[in-house]
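Reader: Could you take me through the reading of a protein model, feature by feature, with the general idea set out before the particular case?

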Amino acid sequence: MTGPWTEWNHILKIDPDKDLVGDETFEDVCQTGTDAIEIGGTLDITADKMQRVVDACAEYDVPLYQEPSNPGVVVDDDALDGYLIPTVFNAKDAFWITGAHKEWVRIENGMDWDRTHTEAYIVLNPDASVAQLTDANCDLAVDDVASYAAVAERMFGQEIVYIEYSGTFGDTEKVHAAYDALDESTLFYGGGIHDYDSAYEMGRHTDVVVVGDLLHDEGVDAVRETVEGARDAMAERAEAEQ
């Protein structure tokens with residue numbers, strides 16, 4: 001599996017419904033050192049809000065992806081490197097496994113398949129908006145999480161498996177179990193990364209650390225710390241595994 005994310009350590013997720021801190025600009029955001037920017041959110045997202053962020057980031061040399069929460073907010077823009085589409089493996093509502101995806105294909109006049117990729121989400125924080133929206137079963141043991149990850153890779157051919165703890169720092173045992181269950185897929189982790197130490201700690205258990213709310217709550221300097229933490233942890237792990 002050779003997607004560009006195999007070379008990433010850090011993703012910055014921008015919520016188009018939220019403001020930046022103070023007088024910070026999207027130029028500042030694009031200079032944090034993150035490996036890629038993902039534009040997406042769960043609530044109150046519109047295509048116009050998505051487009052605003054795409055336009056603001058398009059001129060900077062950072063890979064730019066959209067993570068649409070539903071087909072109605074998809075932006076068709078050449079500035080995007082691609083689309084990362086969540087499919088929530090532990091959703092009780094099948095709409096969030098394949099239903100929304102079917103609707104996108106149905107209403108789209110020609111899919112850009114070369115730039116469309118899926119993320120096999122495993123949502124583990126029951127209080128998160130994404131868990132409530134998708135009616136996700138978050139009561140999963142360590143072996144459940146590992147098994148979902150293996151199913152995503154081996155049975156469904158997913159190149160990205162995404163452990164989502166949105167709003168809280170996750171259980172590192174569960175995250176590492178997913179990491180160990182994968183042979184080729186890239187493991188993303190998102191949730192509760194707020195400084196160097198938290199990024200470093202979770203970077204020891206995943207391939208890519210995803211940071212979101214921190215940008216809107218504390219700003220670009222805090223994000224830069226998480227970039228450094230993730231890279232340091234993964235560099236040390238790579239050296240230890242040689």
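Author: What follows is a conversation about helix packing, cysteines, salt bridges and a few single residues. One caution belongs at the start, namely that this is a predicted model.

Reader: Let us begin with helix packing; at what angle do helix H5 and helix H6 pack, and how far apart are their axes?

Author: The general idea is that an α-helix has 3.6 residues a turn, so residues three or four places apart point the same way. In this model, H5 (residues 142-155) and H6 (residues 172-181) have axes 8 Å apart and pack at an angle of about 35 degrees, and the crossing in which H5 passes H6 is right-handed. On the H5 side the contact is made by Val142, Val145, Ala146, Ala149, Ala150 and Glu153, while H6 contributes Glu173, Lys174, Ala177, Ala178 and Ala181.

Reader: Which classes of residue make up the contact of H5 with H6?

Author: Sorted by class, the contact comprises eight nonpolar residues and three charged ones, with no polar residues.

Reader: How many disulfides does the structure hold?

Author: The structure holds zero disulfides. Cys57 is a useful case to examine, because its sulfur lies 4.0 Å from the closest cysteine sulfur, that of Cys30, which is too far for a bond when the cut-off is 2.5 Å. Cys57 is buried, at a relative accessible area of 2%, and Cys138 is likewise buried, with a relative accessible area of 11%.

Reader: Turning to charged side chains, how many salt bridges does the structure hold?

Author: As a general matter, side chains of opposite charge can pair when their charged atoms come close. There are 13 salt bridges in this structure. One of them joins the side chains of Arg154 and Glu153, at 3.7 Å from N to O; of these partners, Arg154 counts as exposed at 60% relative accessibility, whereas Glu153 counts as buried at 6%. Glu153 is also among the H5 residues that make the contact with H6.

Reader: Which residue forms a salt bridge with Glu201, and how accessible are the two partners?

Author: The partner of Glu201 is Arg204, with the closest N and O atoms 3.2 Å apart. Glu201 is partly exposed, having a relative accessible area of 27%, and Arg204 also counts as partly exposed, at 37% relative accessibility.

Reader: Where in the chain do the partners Arg237 and Asp207 lie?

Author: Arg237 and Asp207 form a salt bridge whose closest N and O atoms are 3.7 Å apart. This pair links distant parts of the chain, since Arg237 belongs to helix H9 (residues 220-241) and Asp207 to the loop between helix H7 (196-203) and strand S8 (208-211), 30 residues apart. Arg237 counts as buried, at 15% relative accessibility. Elsewhere, salt bridges that share partners join Lys13, Glu38 and Glu67 into one network.

Reader: Which backbone value deserves attention at Asp135?

Author: Asp135 has a phi near 55 degrees, a positive value in a residue other than glycine. Asp135 sits in the loop between helix H4 (129-134) and H5, and counts as partly exposed at 40% relative accessibility.

Reader: Is Asn125 buried or exposed, and which residues does Asn125 touch?

Author: Asn125, in the loop between strand S5 (116-123) and H4, counts as buried at 11% relative accessibility. Not counting residues up to four places away in sequence, Asn125 touches Ala131, Cys138, Glu164, Tyr165, Ser166, Gly167 and Thr168.

Reader: What surrounds Ala199 and Val75?

Author: Ala199, which is in helix H7, counts as buried at 0% relative accessibility; setting aside residues up to four places away in sequence, Ala199 touches Ile193, Val209, Thr226, Gly229 and Ala230. Val75 lies in the loop between strand S3 (64-66) and S4 and is buried, with a relative accessible area of 4%. Beyond its neighbours within four places in sequence, Val75 is in contact with Ala47, Met50, Gln51, Gln66, Leu80 and Tyr83.

Reader: Which residues of helix H3 are buried, and what covers them?

Author: In H3 (residues 99-107) the buried residues are Gly99, Ala100, His101, Glu103 and Trp104, and what covers these buried residues includes strand S4 (82-88) and S5.

Methods. Residues are numbered from 1 along each chain as its sequence is written. This is a predicted model: local features need pLDDT of at least 70, side-chain atom pairs count only at pLDDT 80 or more; totals for chains, interfaces and linings use all residues. Side-chain values use heavy atoms; hydrogens and water are left out. Axes are lines fitted to C-alpha atoms, for helices over the stretch in contact, and angles run from 0 to 180 degrees between N-to-C directions. Helices (H or I, at least four residues) and strands (E, at least two) are DSSP runs, numbered from the N terminus. A crossing is left-handed if the near helix is turned anticlockwise from the far one by less than a right angle, and right-handed if clockwise. Contact means heavy atoms within 4.5 Å. Ala, Val, Leu, Ile, Met, Phe, Trp, Tyr, Cys and Pro count as nonpolar, Asp, Glu, Lys and Arg as charged, and the others, Gly among them, as polar. Buried means under 20% relative accessible area, exposed over 50%, partly exposed in between (1.4 Å probe, protein chains only). A salt bridge is a side-chain nitrogen of Lys or Arg within 4 Å of a carboxyl oxygen of Asp or Glu.
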